[in-house]
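Student: Could you take me through the surroundings of the ligand in this predicted model, slowly and in one connected account? I would also like to hear about the largest pocket.

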Amino acid sequence: MSFIKTPAVPVESINPKVKDCEYAVRGEIFNHAQRLQEELEKNPGSRPFDEIIYYNLGNPQALGQKPITFFRQVLALCEYPALLDSDETHKLFSSDAISRAKKILSTLTGKSTGAYSHSKGVKGLREMIADGIALRDGYPANPEDIFLTDGASAAVHMILQLLIRSENDGILCPIPQYPLYSAAITLHGGTLVPYYLSEANNWGLEVFELKGRLDWARENGISVKAMVVINPGNPTGQVLSESNQQEIVELCRKEGLVLLADEVYQDNVYVKDKKFISFKRIIRSGYREDEISMVSFQSISKGYYGECGKRGGYMELCGFREDVKDQIYKVASVNLCSNTSGQILASLIMNPPKPGEESHKLFFSEKEAILSSLGRRAKALEDAFNSMEGVSCQKAEGAMYLFPRIKLPNKAIEAAKKASMVPDAFYALRLLDATGLVLVPGSGFGQVPGTWHVRTTILPDESKIPAIVSRLKAFHESFMSEFQD
Ligand code: DCS
(Lines give C-alpha, C1' and ligand atoms only; values in the text may rest on other atoms or scores of the structure.)
Protein backbone atom coordinates (compact mmCIF):
# COMPACT_ATOMS: atom_id res chain seq x y z
CA MET A 1 0.00 0.00 0.00
CA SER A 2 1.24 3.53 -0.76
CA PHE A 3 1.17 6.35 1.80
CA ILE A 4 -0.77 8.88 -0.29
CA LYS A 5 -3.49 10.15 2.06
CA THR A 6 -5.92 11.84 -0.29
CA PRO A 7 -5.40 10.22 -3.65
CA ALA A 8 -6.60 12.05 -6.72
CA VAL A 9 -7.54 8.64 -8.04
CA PRO A 10 -9.31 6.54 -5.40
CA VAL A 11 -9.79 3.05 -6.80
CA GLU A 12 -13.59 3.46 -6.47
CA SER A 13 -13.37 6.27 -9.02
CA ILE A 14 -11.60 4.41 -11.82
CA ASN A 15 -13.21 3.02 -14.93
CA PRO A 16 -15.27 0.03 -13.72
CA LYS A 17 -14.39 -1.84 -16.93
CA VAL A 18 -10.75 -1.78 -15.84
CA LYS A 19 -11.71 -3.13 -12.41
CA ASP A 20 -13.88 -5.86 -13.93
CA CYS A 21 -11.30 -7.08 -16.42
CA GLU A 22 -9.44 -10.27 -15.44
CA TYR A 23 -6.43 -12.05 -16.95
CA ALA A 24 -5.65 -15.29 -15.14
CA VAL A 25 -2.53 -16.17 -17.16
CA ARG A 26 -0.79 -13.50 -15.07
CA GLY A 27 -3.32 -13.49 -12.22
CA GLU A 28 -3.31 -14.38 -8.50
CA ILE A 29 -1.29 -17.59 -8.82
CA PHE A 30 1.36 -15.80 -10.87
CA ASN A 31 1.51 -12.96 -8.32
CA HIS A 32 1.94 -15.48 -5.50
CA ALA A 33 4.74 -17.15 -7.52
CA GLN A 34 6.55 -13.82 -7.78
CA ARG A 35 6.31 -13.34 -4.02
CA LEU A 36 7.71 -16.84 -3.47
CA GLN A 37 10.55 -16.11 -5.88
CA GLU A 38 11.53 -13.00 -3.91
CA GLU A 39 11.34 -15.01 -0.70
CA LEU A 40 13.60 -17.72 -2.16
CA GLU A 41 16.13 -15.13 -3.34
CA LYS A 42 16.31 -13.61 0.17
CA ASN A 43 16.12 -16.92 1.97
CA PRO A 44 17.45 -19.81 -0.14
CA GLY A 45 16.37 -23.19 1.19
CA SER A 46 13.21 -21.80 2.81
CA ARG A 47 10.96 -23.87 0.56
CA PRO A 48 10.92 -27.50 -0.53
CA PHE A 49 12.16 -26.41 -4.01
CA ASP A 50 15.00 -24.23 -5.30
CA GLU A 51 13.27 -22.31 -8.06
CA ILE A 52 9.90 -21.19 -9.34
CA ILE A 53 9.19 -22.62 -12.77
CA TYR A 54 6.80 -20.64 -14.91
CA TYR A 55 4.60 -22.94 -16.98
CA ASN A 56 1.76 -20.43 -16.94
CA LEU A 57 2.85 -18.67 -20.13
CA GLY A 58 3.49 -19.78 -23.70
CA ASN A 59 6.83 -17.96 -23.51
CA PRO A 60 9.35 -20.36 -25.15
CA GLN A 61 12.55 -18.31 -24.85
CA ALA A 62 11.92 -17.78 -21.12
CA LEU A 63 12.20 -21.55 -20.77
CA GLY A 64 15.40 -21.91 -22.76
CA GLN A 65 14.31 -22.10 -26.42
CA LYS A 66 16.95 -20.53 -28.68
CA PRO A 67 15.92 -18.03 -31.34
CA ILE A 68 16.10 -19.11 -34.99
CA THR A 69 19.54 -18.08 -36.27
CA PHE A 70 18.42 -16.65 -39.63
CA PHE A 71 15.78 -14.41 -38.04
CA ARG A 72 18.22 -12.95 -35.53
CA GLN A 73 20.97 -12.49 -38.11
CA VAL A 74 18.70 -10.45 -40.34
CA LEU A 75 17.39 -8.48 -37.39
CA ALA A 76 20.90 -7.74 -36.07
CA LEU A 77 22.00 -6.43 -39.47
CA CYS A 78 18.90 -4.27 -39.79
CA GLU A 79 19.39 -2.84 -36.30
CA TYR A 80 23.08 -2.06 -36.92
CA PRO A 81 23.54 -1.58 -40.67
CA ALA A 82 27.18 -0.49 -40.20
CA LEU A 83 27.89 -4.23 -39.96
CA LEU A 84 27.10 -4.49 -43.64
CA ASP A 85 30.26 -2.48 -44.43
CA SER A 86 32.56 -4.79 -42.49
CA ASP A 87 34.55 -7.62 -44.10
CA GLU A 88 34.05 -9.69 -40.95
CA THR A 89 30.31 -9.76 -41.54
CA HIS A 90 30.59 -12.35 -44.30
CA LYS A 91 32.31 -14.68 -41.85
CA LEU A 92 29.63 -14.31 -39.18
CA PHE A 93 26.44 -13.95 -41.20
CA SER A 94 25.02 -16.10 -44.00
CA SER A 95 24.82 -14.57 -47.48
CA ASP A 96 21.03 -14.76 -47.60
CA ALA A 97 20.75 -13.07 -44.19
CA ILE A 98 22.90 -10.24 -45.58
CA SER A 99 20.90 -9.92 -48.78
CA ARG A 100 17.59 -10.12 -46.86
CA ALA A 101 18.74 -7.41 -44.44
CA LYS A 102 19.74 -5.15 -47.34
CA LYS A 103 16.36 -5.70 -48.99
CA ILE A 104 14.49 -4.95 -45.74
CA LEU A 105 16.60 -1.86 -44.99
CA SER A 106 15.84 -0.49 -48.43
CA THR A 107 12.10 -0.58 -47.60
CA LEU A 108 12.31 1.11 -44.17
CA THR A 109 11.36 4.75 -43.76
CA GLY A 110 14.69 6.64 -43.71
CA LYS A 111 16.36 3.20 -44.18
CA SER A 112 16.36 2.93 -40.39
CA THR A 113 14.55 0.90 -37.73
CA GLY A 114 14.58 4.08 -35.68
CA ALA A 115 12.02 5.94 -37.79
CA TYR A 116 8.24 5.79 -37.37
CA SER A 117 6.86 3.71 -40.19
CA HIS A 118 3.54 3.84 -42.03
CA SER A 119 0.79 3.24 -39.45
CA LYS A 120 -0.14 -0.09 -41.03
CA GLY A 121 3.53 -1.09 -40.97
CA VAL A 122 6.32 -0.68 -43.53
CA LYS A 123 4.79 -1.18 -46.97
CA GLY A 124 7.67 -3.36 -48.22
CA LEU A 125 7.29 -5.64 -45.19
CA ARG A 126 3.55 -5.90 -45.73
CA GLU A 127 4.29 -6.90 -49.32
CA MET A 128 6.59 -9.66 -48.10
CA ILE A 129 3.93 -10.87 -45.66
CA ALA A 130 1.32 -10.82 -48.44
CA ASP A 131 3.65 -13.02 -50.54
CA GLY A 132 4.01 -15.44 -47.61
CA ILE A 133 0.24 -15.62 -47.12
CA ALA A 134 -0.28 -16.23 -50.86
CA LEU A 135 2.24 -19.07 -50.79
CA ARG A 136 0.58 -20.60 -47.71
CA ASP A 137 -2.99 -20.38 -49.06
CA GLY A 138 -2.69 -20.50 -52.84
CA TYR A 139 -4.70 -17.25 -53.02
CA PRO A 140 -3.34 -13.72 -53.30
CA ALA A 141 -3.20 -11.32 -50.35
CA ASN A 142 -3.38 -7.52 -50.56
CA PRO A 143 -0.68 -5.68 -48.56
CA GLU A 144 -3.20 -2.86 -48.01
CA ASP A 145 -5.37 -5.27 -45.97
CA ILE A 146 -2.52 -6.15 -43.63
CA PHE A 147 -1.94 -4.20 -40.43
CA LEU A 148 1.27 -4.87 -38.50
CA THR A 149 0.83 -4.63 -34.73
CA ASP A 150 2.75 -4.98 -31.45
CA GLY A 151 1.81 -8.65 -31.07
CA ALA A 152 -1.53 -10.17 -32.03
CA SER A 153 -3.00 -8.82 -28.77
CA ALA A 154 -2.91 -5.25 -30.08
CA ALA A 155 -4.72 -6.31 -33.25
CA VAL A 156 -7.44 -8.10 -31.27
CA HIS A 157 -7.98 -4.95 -29.19
CA MET A 158 -8.25 -2.80 -32.33
CA ILE A 159 -10.90 -5.00 -33.87
CA LEU A 160 -12.94 -5.39 -30.70
CA GLN A 161 -12.80 -1.63 -30.18
CA LEU A 162 -14.16 -1.24 -33.70
CA LEU A 163 -16.99 -3.77 -33.31
CA ILE A 164 -18.24 -3.11 -29.78
CA ARG A 165 -20.48 -0.10 -29.18
CA SER A 166 -22.13 -1.11 -25.89
CA GLU A 167 -23.00 -4.10 -23.72
CA ASN A 168 -25.72 -4.90 -26.26
CA ASP A 169 -23.03 -5.95 -28.73
CA GLY A 170 -21.96 -9.54 -28.27
CA ILE A 171 -18.92 -11.52 -29.33
CA LEU A 172 -19.21 -15.31 -29.57
CA CYS A 173 -16.21 -16.80 -27.81
CA PRO A 174 -15.14 -20.37 -27.23
CA ILE A 175 -15.12 -21.64 -23.66
CA PRO A 176 -12.45 -22.44 -22.65
CA GLN A 177 -10.83 -19.39 -24.31
CA TYR A 178 -7.58 -17.49 -24.11
CA PRO A 179 -8.51 -14.71 -21.64
CA LEU A 180 -7.27 -11.91 -23.88
CA TYR A 181 -10.75 -12.18 -25.41
CA SER A 182 -12.78 -12.04 -22.19
CA ALA A 183 -10.53 -9.26 -20.84
CA ALA A 184 -10.69 -7.18 -24.03
CA ILE A 185 -14.47 -7.62 -24.41
CA THR A 186 -14.87 -6.39 -20.81
CA LEU A 187 -12.51 -3.44 -21.37
CA HIS A 188 -14.33 -2.39 -24.53
CA GLY A 189 -17.71 -2.72 -22.82
CA GLY A 190 -19.26 -5.58 -24.82
CA THR A 191 -20.82 -8.90 -23.86
CA LEU A 192 -19.09 -12.24 -24.20
CA VAL A 193 -21.48 -14.82 -25.64
CA PRO A 194 -19.98 -18.19 -24.74
CA TYR A 195 -20.04 -21.36 -26.81
CA TYR A 196 -18.67 -24.48 -25.20
CA LEU A 197 -16.06 -26.70 -26.84
CA SER A 198 -16.75 -30.39 -26.40
CA GLU A 199 -14.14 -31.94 -24.12
CA ALA A 200 -15.42 -35.48 -24.79
CA ASN A 201 -14.84 -34.82 -28.49
CA ASN A 202 -11.21 -33.70 -28.04
CA TRP A 203 -12.36 -30.10 -27.56
CA GLY A 204 -14.17 -30.08 -30.91
CA LEU A 205 -16.40 -27.21 -31.96
CA GLU A 206 -20.02 -28.23 -32.53
CA VAL A 207 -22.04 -26.00 -34.80
CA PHE A 208 -25.43 -26.87 -33.23
CA GLU A 209 -24.05 -25.61 -29.90
CA LEU A 210 -23.07 -22.36 -31.61
CA LYS A 211 -26.46 -21.91 -33.20
CA GLY A 212 -28.18 -22.44 -29.82
CA ARG A 213 -25.98 -19.81 -28.16
CA LEU A 214 -26.56 -17.35 -30.96
CA ASP A 215 -30.34 -17.75 -30.68
CA TRP A 216 -30.15 -17.39 -26.89
CA ALA A 217 -28.14 -14.16 -27.20
CA ARG A 218 -30.53 -12.67 -29.73
CA GLU A 219 -33.58 -13.57 -27.64
CA ASN A 220 -31.88 -11.64 -24.84
CA GLY A 221 -31.49 -8.49 -26.90
CA ILE A 222 -27.80 -8.94 -27.73
CA SER A 223 -26.69 -8.11 -31.22
CA VAL A 224 -23.97 -10.67 -31.95
CA LYS A 225 -21.30 -9.06 -34.10
CA ALA A 226 -18.52 -11.58 -34.39
CA MET A 227 -17.33 -15.06 -33.60
CA VAL A 228 -13.87 -15.86 -32.23
CA VAL A 229 -12.27 -19.14 -33.31
CA ILE A 230 -8.84 -20.07 -31.97
CA ASN A 231 -7.24 -22.64 -34.27
CA PRO A 232 -5.12 -24.46 -33.14
CA GLY A 233 -6.80 -23.91 -29.78
CA ASN A 234 -5.56 -22.25 -26.63
CA PRO A 235 -5.83 -23.66 -23.94
CA THR A 236 -7.33 -26.75 -25.54
CA GLY A 237 -4.83 -27.67 -28.29
CA GLN A 238 -7.31 -28.99 -30.86
CA VAL A 239 -6.78 -28.52 -34.61
CA LEU A 240 -10.04 -28.02 -36.51
CA SER A 241 -10.89 -30.25 -39.44
CA GLU A 242 -11.49 -28.66 -42.83
CA SER A 243 -15.17 -29.70 -42.83
CA ASN A 244 -15.65 -28.12 -39.40
CA GLN A 245 -14.02 -24.90 -40.66
CA GLN A 246 -16.37 -24.90 -43.64
CA GLU A 247 -19.38 -25.20 -41.31
CA ILE A 248 -18.10 -22.28 -39.24
CA VAL A 249 -17.57 -20.07 -42.29
CA GLU A 250 -21.04 -20.93 -43.58
CA LEU A 251 -22.59 -20.10 -40.21
CA CYS A 252 -20.79 -16.73 -40.11
CA ARG A 253 -21.95 -15.95 -43.65
CA LYS A 254 -25.57 -16.89 -42.97
CA GLU A 255 -25.73 -15.07 -39.65
CA GLY A 256 -23.75 -12.00 -40.75
CA LEU A 257 -20.97 -12.50 -38.18
CA VAL A 258 -17.39 -11.29 -38.58
CA LEU A 259 -15.13 -14.31 -38.22
CA LEU A 260 -12.23 -13.48 -35.90
CA ALA A 261 -9.75 -16.24 -36.74
CA ASP A 262 -6.98 -16.41 -34.17
CA GLU A 263 -4.36 -18.37 -36.09
CA VAL A 264 -1.32 -17.56 -33.99
CA TYR A 265 -0.52 -21.27 -33.55
CA GLN A 266 -0.58 -21.99 -37.29
CA ASP A 267 2.91 -23.48 -37.20
CA ASN A 268 2.24 -25.58 -34.07
CA VAL A 269 0.65 -28.83 -35.25
CA TYR A 270 2.07 -32.08 -33.86
CA VAL A 271 -0.11 -34.89 -35.18
CA LYS A 272 0.28 -36.50 -38.60
CA ASP A 273 -3.45 -36.74 -39.39
CA LYS A 274 -4.12 -33.00 -38.89
CA LYS A 275 -2.83 -29.94 -40.64
CA PHE A 276 -3.40 -26.24 -40.31
CA ILE A 277 -5.65 -24.73 -42.98
CA SER A 278 -6.20 -21.00 -42.85
CA PHE A 279 -9.76 -19.64 -42.78
CA LYS A 280 -8.69 -17.35 -45.62
CA ARG A 281 -8.12 -20.39 -47.81
CA ILE A 282 -11.51 -21.90 -46.87
CA ILE A 283 -13.21 -18.60 -47.69
CA ARG A 284 -11.36 -17.93 -50.94
CA SER A 285 -12.04 -21.45 -52.20
CA GLY A 286 -15.81 -21.20 -51.79
CA TYR A 287 -17.05 -17.63 -51.45
CA ARG A 288 -17.08 -14.24 -53.18
CA GLU A 289 -14.97 -11.50 -51.58
CA ASP A 290 -18.04 -9.57 -50.40
CA GLU A 291 -19.87 -12.54 -48.88
CA ILE A 292 -18.08 -12.75 -45.56
CA SER A 293 -15.90 -10.58 -43.33
CA MET A 294 -12.96 -12.22 -41.63
CA VAL A 295 -9.89 -11.09 -39.70
CA SER A 296 -6.94 -13.44 -39.37
CA PHE A 297 -4.45 -12.85 -36.52
CA GLN A 298 -0.85 -14.03 -36.63
CA SER A 299 1.98 -13.47 -34.15
CA ILE A 300 5.77 -13.77 -33.97
CA SER A 301 5.38 -15.04 -30.38
CA LYS A 302 4.32 -18.59 -31.19
CA GLY A 303 5.14 -21.30 -33.76
CA TYR A 304 8.78 -22.45 -33.68
CA TYR A 305 9.89 -18.79 -33.59
CA GLY A 306 8.72 -17.87 -30.04
CA GLU A 307 9.81 -14.22 -30.29
CA CYS A 308 7.32 -13.10 -27.60
CA GLY A 309 9.35 -10.21 -26.23
CA LYS A 310 9.85 -8.62 -29.64
CA ARG A 311 6.10 -7.90 -29.86
CA GLY A 312 5.21 -8.47 -33.48
CA GLY A 313 2.14 -9.69 -35.28
CA TYR A 314 -0.37 -8.72 -37.90
CA MET A 315 -4.00 -8.93 -38.85
CA GLU A 316 -5.24 -9.50 -42.36
CA LEU A 317 -8.69 -8.13 -43.15
CA CYS A 318 -10.86 -9.92 -45.70
CA GLY A 319 -14.22 -8.73 -46.97
CA PHE A 320 -14.21 -5.32 -45.24
CA ARG A 321 -15.51 -2.22 -47.02
CA GLU A 322 -13.09 0.62 -47.79
CA ASP A 323 -14.84 3.09 -45.47
CA VAL A 324 -14.46 0.68 -42.54
CA LYS A 325 -10.82 -0.02 -43.41
CA ASP A 326 -10.24 3.74 -43.41
CA GLN A 327 -11.56 3.89 -39.83
CA ILE A 328 -9.24 1.09 -38.75
CA TYR A 329 -6.33 2.87 -40.41
CA LYS A 330 -7.26 6.08 -38.59
CA VAL A 331 -7.21 4.27 -35.23
CA ALA A 332 -3.88 2.60 -36.12
CA SER A 333 -2.44 6.02 -36.92
CA VAL A 334 -3.31 7.31 -33.43
CA ASN A 335 -0.60 4.92 -32.20
CA LEU A 336 1.73 6.08 -35.03
CA CYS A 337 3.13 2.61 -35.75
CA SER A 338 4.05 -0.71 -34.21
CA ASN A 339 7.70 -1.35 -33.28
CA THR A 340 9.90 -1.96 -36.27
CA SER A 341 11.84 -4.99 -34.95
CA GLY A 342 8.53 -6.79 -34.50
CA GLN A 343 7.54 -5.74 -38.03
CA ILE A 344 10.77 -7.14 -39.48
CA LEU A 345 10.33 -10.43 -37.63
CA ALA A 346 6.73 -10.69 -38.86
CA SER A 347 8.03 -10.41 -42.43
CA LEU A 348 10.63 -13.11 -41.70
CA ILE A 349 8.32 -15.71 -40.12
CA MET A 350 6.08 -15.42 -43.18
CA ASN A 351 9.11 -15.68 -45.52
CA PRO A 352 11.65 -18.03 -43.98
CA PRO A 353 14.66 -19.21 -46.03
CA LYS A 354 13.77 -21.33 -49.04
CA PRO A 355 15.48 -24.54 -50.22
CA GLY A 356 18.66 -23.64 -52.09
CA GLU A 357 19.39 -20.54 -49.98
CA GLU A 358 22.47 -20.71 -47.77
CA SER A 359 20.55 -20.58 -44.48
CA HIS A 360 17.93 -23.11 -45.41
CA LYS A 361 19.61 -26.22 -44.04
CA LEU A 362 20.30 -24.73 -40.63
CA PHE A 363 16.91 -23.03 -40.54
CA PHE A 364 15.11 -26.27 -41.36
CA SER A 365 17.01 -28.28 -38.77
CA GLU A 366 16.39 -25.66 -36.04
CA LYS A 367 12.70 -25.50 -36.90
CA GLU A 368 12.24 -29.27 -37.03
CA ALA A 369 14.17 -29.80 -33.78
CA ILE A 370 11.88 -27.36 -31.94
CA LEU A 371 8.63 -28.69 -33.40
CA SER A 372 9.43 -32.38 -33.01
CA SER A 373 10.59 -31.82 -29.46
CA LEU A 374 7.38 -29.90 -28.67
CA GLY A 375 5.39 -32.87 -30.02
CA ARG A 376 7.31 -35.30 -27.78
CA ARG A 377 6.94 -33.03 -24.75
CA ALA A 378 3.18 -32.72 -25.34
CA LYS A 379 2.84 -36.51 -25.47
CA ALA A 380 5.00 -37.13 -22.37
CA LEU A 381 3.02 -34.63 -20.28
CA GLU A 382 -0.31 -35.87 -21.64
CA ASP A 383 0.60 -39.46 -20.66
CA ALA A 384 1.71 -38.31 -17.23
CA PHE A 385 -1.58 -36.50 -16.56
CA ASN A 386 -3.60 -39.46 -17.81
CA SER A 387 -1.79 -41.77 -15.41
CA MET A 388 -2.89 -39.72 -12.37
CA GLU A 389 -5.92 -40.63 -10.29
CA GLY A 390 -9.01 -38.63 -11.27
CA VAL A 391 -7.25 -36.77 -14.12
CA SER A 392 -8.09 -36.98 -17.82
CA CYS A 393 -6.20 -35.09 -20.47
CA GLN A 394 -7.05 -34.65 -24.15
CA LYS A 395 -4.33 -34.75 -26.74
CA ALA A 396 -2.55 -31.53 -27.73
CA GLU A 397 -2.84 -31.75 -31.50
CA GLY A 398 -1.36 -28.29 -31.75
CA ALA A 399 -0.63 -25.00 -29.92
CA MET A 400 1.47 -25.06 -26.73
CA TYR A 401 -0.71 -26.28 -23.89
CA LEU A 402 -2.45 -29.15 -22.13
CA PHE A 403 -5.70 -28.62 -20.30
CA PRO A 404 -6.21 -31.67 -18.07
CA ARG A 405 -9.47 -32.14 -16.19
CA ILE A 406 -9.16 -32.89 -12.50
CA LYS A 407 -11.94 -34.57 -10.59
CA LEU A 408 -11.47 -32.78 -7.28
CA PRO A 409 -12.71 -34.55 -4.11
CA ASN A 410 -15.63 -32.86 -2.32
CA LYS A 411 -13.41 -32.23 0.68
CA ALA A 412 -11.00 -30.24 -1.50
CA ILE A 413 -13.92 -28.23 -2.86
CA GLU A 414 -15.08 -27.53 0.71
CA ALA A 415 -11.56 -26.51 1.75
CA ALA A 416 -11.37 -24.16 -1.24
CA LYS A 417 -14.68 -22.58 -0.24
CA LYS A 418 -13.40 -22.02 3.28
CA ALA A 419 -10.33 -20.31 1.82
CA SER A 420 -12.69 -18.22 -0.43
CA MET A 421 -11.02 -19.69 -3.50
CA VAL A 422 -12.22 -21.28 -6.70
CA PRO A 423 -11.42 -25.02 -6.34
CA ASP A 424 -9.00 -25.25 -9.29
CA ALA A 425 -7.19 -22.10 -8.10
CA PHE A 426 -6.92 -23.76 -4.67
CA TYR A 427 -5.36 -26.82 -6.36
CA ALA A 428 -2.95 -24.66 -8.40
CA LEU A 429 -1.94 -22.68 -5.30
CA ARG A 430 -1.24 -25.85 -3.30
CA LEU A 431 0.76 -27.20 -6.25
CA LEU A 432 2.82 -24.01 -6.40
CA ASP A 433 3.47 -24.01 -2.65
CA ALA A 434 4.55 -27.65 -2.73
CA THR A 435 6.57 -27.77 -5.96
CA GLY A 436 7.34 -24.29 -7.32
CA LEU A 437 5.44 -25.10 -10.54
CA VAL A 438 3.22 -22.29 -11.83
CA LEU A 439 0.13 -23.50 -13.74
CA VAL A 440 -3.04 -21.56 -14.52
CA PRO A 441 -6.38 -22.63 -13.00
CA GLY A 442 -8.96 -23.67 -15.60
CA SER A 443 -11.41 -21.13 -14.20
CA GLY A 444 -9.27 -18.41 -15.81
CA PHE A 445 -10.23 -19.72 -19.26
CA GLY A 446 -13.84 -20.67 -18.52
CA GLN A 447 -15.08 -24.27 -18.28
CA VAL A 448 -18.33 -26.22 -18.00
CA PRO A 449 -19.67 -25.38 -14.51
CA GLY A 450 -18.71 -28.04 -11.98
CA THR A 451 -15.67 -29.23 -13.96
CA TRP A 452 -12.15 -28.27 -12.90
CA HIS A 453 -8.99 -28.00 -14.98
CA VAL A 454 -5.49 -26.58 -14.95
CA ARG A 455 -3.47 -25.38 -17.92
CA THR A 456 0.19 -26.10 -18.39
CA THR A 457 2.40 -25.21 -21.31
CA ILE A 458 4.23 -28.05 -23.07
CA LEU A 459 7.40 -25.92 -23.04
CA PRO A 460 9.51 -27.37 -20.21
CA ASP A 461 12.94 -28.37 -21.44
CA GLU A 462 12.79 -32.03 -22.54
CA SER A 463 15.51 -33.06 -20.11
CA LYS A 464 13.49 -31.61 -17.20
CA ILE A 465 10.25 -33.43 -18.03
CA PRO A 466 10.86 -36.64 -16.02
CA ALA A 467 11.66 -34.61 -12.89
CA ILE A 468 8.61 -32.38 -13.43
CA VAL A 469 6.37 -35.36 -13.96
CA SER A 470 7.49 -37.00 -10.74
CA ARG A 471 6.97 -33.71 -8.83
CA LEU A 472 3.49 -33.33 -10.31
CA LYS A 473 2.58 -36.94 -9.51
CA ALA A 474 3.88 -36.82 -5.95
CA PHE A 475 1.96 -33.59 -5.30
CA HIS A 476 -1.23 -34.94 -6.86
CA GLU A 477 -1.12 -38.15 -4.83
CA SER A 478 -0.61 -36.33 -1.56
CA PHE A 479 -3.34 -33.78 -2.42
CA MET A 480 -5.81 -36.54 -3.26
CA SER A 481 -5.05 -38.49 -0.10
CA GLU A 482 -5.26 -35.35 2.07
CA PHE A 483 -8.75 -34.57 0.75
CA GLN A 484 -10.00 -38.12 0.20
CA ASP A 485 -13.84 -38.22 0.46
N1 DCS B 1 -3.96 -15.29 -29.31
C2 DCS B 1 -3.74 -16.43 -28.64
C3 DCS B 1 -4.63 -17.60 -28.87
C4 DCS B 1 -2.67 -16.52 -27.75
O5 DCS B 1 -2.47 -17.67 -27.11
C6 DCS B 1 -1.84 -15.39 -27.56
C7 DCS B 1 -0.74 -15.40 -26.56
C8 DCS B 1 -2.11 -14.23 -28.29
C9 DCS B 1 -3.18 -14.22 -29.16
C10 DCS B 1 -1.31 -12.98 -28.16
O11 DCS B 1 -0.02 -13.11 -28.50
P12 DCS B 1 0.96 -11.89 -28.80
O13 DCS B 1 0.27 -10.64 -28.36
O14 DCS B 1 2.20 -12.18 -28.06
O15 DCS B 1 1.14 -11.90 -30.27
N16 DCS B 1 -0.72 -16.46 -25.62
C17 DCS B 1 -0.56 -16.24 -24.22
C18 DCS B 1 -0.69 -17.47 -23.42
O19 DCS B 1 -1.70 -18.13 -23.32
N20 DCS B 1 0.45 -17.72 -22.86
O21 DCS B 1 1.39 -16.80 -23.21
C22 DCS B 1 0.77 -15.69 -23.84
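Tutor: Helix α7, which spans residues 151-163, gives the most to the shell around the ligand, contributing 3 residues. There are 17 residues around the ligand, and those that come nearest are Ser153, Asp262, Tyr265, Ser299 and Ser301. Sorted by class, this shell has 7 nonpolar, 6 polar and 4 charged residues, and at least three residues are drawn from each of two domains, domain 1 (11-64 + 365-482) and domain 2 (116-350).

Turning to individual atoms, a backbone N or O atom of alanine 152 lies 2.6 Å from an oxygen atom of the ligand, while a polar side-chain atom of arginine 455 lies 2.8 Å from an oxygen atom of the ligand. For tyrosine 401, a polar side-chain atom lies 3.3 Å from a nitrogen atom of the ligand. Taken alone, the ligand exposes 490 Å², and the protein buries 95% of that.

The largest pocket has a volume of about 800 Å³, and its lining is made up of 35 residues, with Gln266, Asp267, Tyr304, Lys367 and Leu371 lying nearest its centre. Two elements, α6 (123-137) and α14 (360-386), give two or more residues to this lining, and α14 gives the most, with 9 residues. By class, the lining has 16 nonpolar, 9 polar and 10 charged residues. Because domain 1 (11-64 + 365-482) and domain 2 (116-350) both give residues to the lining, the largest pocket lies between them.

Conventions:
Residues numbered from 1 in each chain as written. Predicted model: local features only at pLDDT ≥ 70, side-chain atom pairs only at ≥ 80, totals over all residues. Heavy atoms only, no water. Near = heavy atom within 4 Å. Polar contact = N/O pair within 3.5 Å; in protein donor to acceptor, adjacent residues only side chain to side chain. Areas by Shrake-Rupley, 256 points an atom, 1.4 Å probe, with all protein chains shown as cover. Helix = DSSP H or I, 4+ residues; strand = E, 2+ residues; numbered from the N terminus. Nonpolar A, V, L, I, M, F, W, Y, C, P; charged D, E, K, R; others polar. Domains from an automatic or database assignment. 1 Å grid on protein atoms, 1.4 Å probe; cavity = no way out; pocket = protein on both sides within 12 Å on 5 of 7 lines; lining within 4 Å. Points joined across faces, edges and corners; volume = space filled by probe spheres on them.
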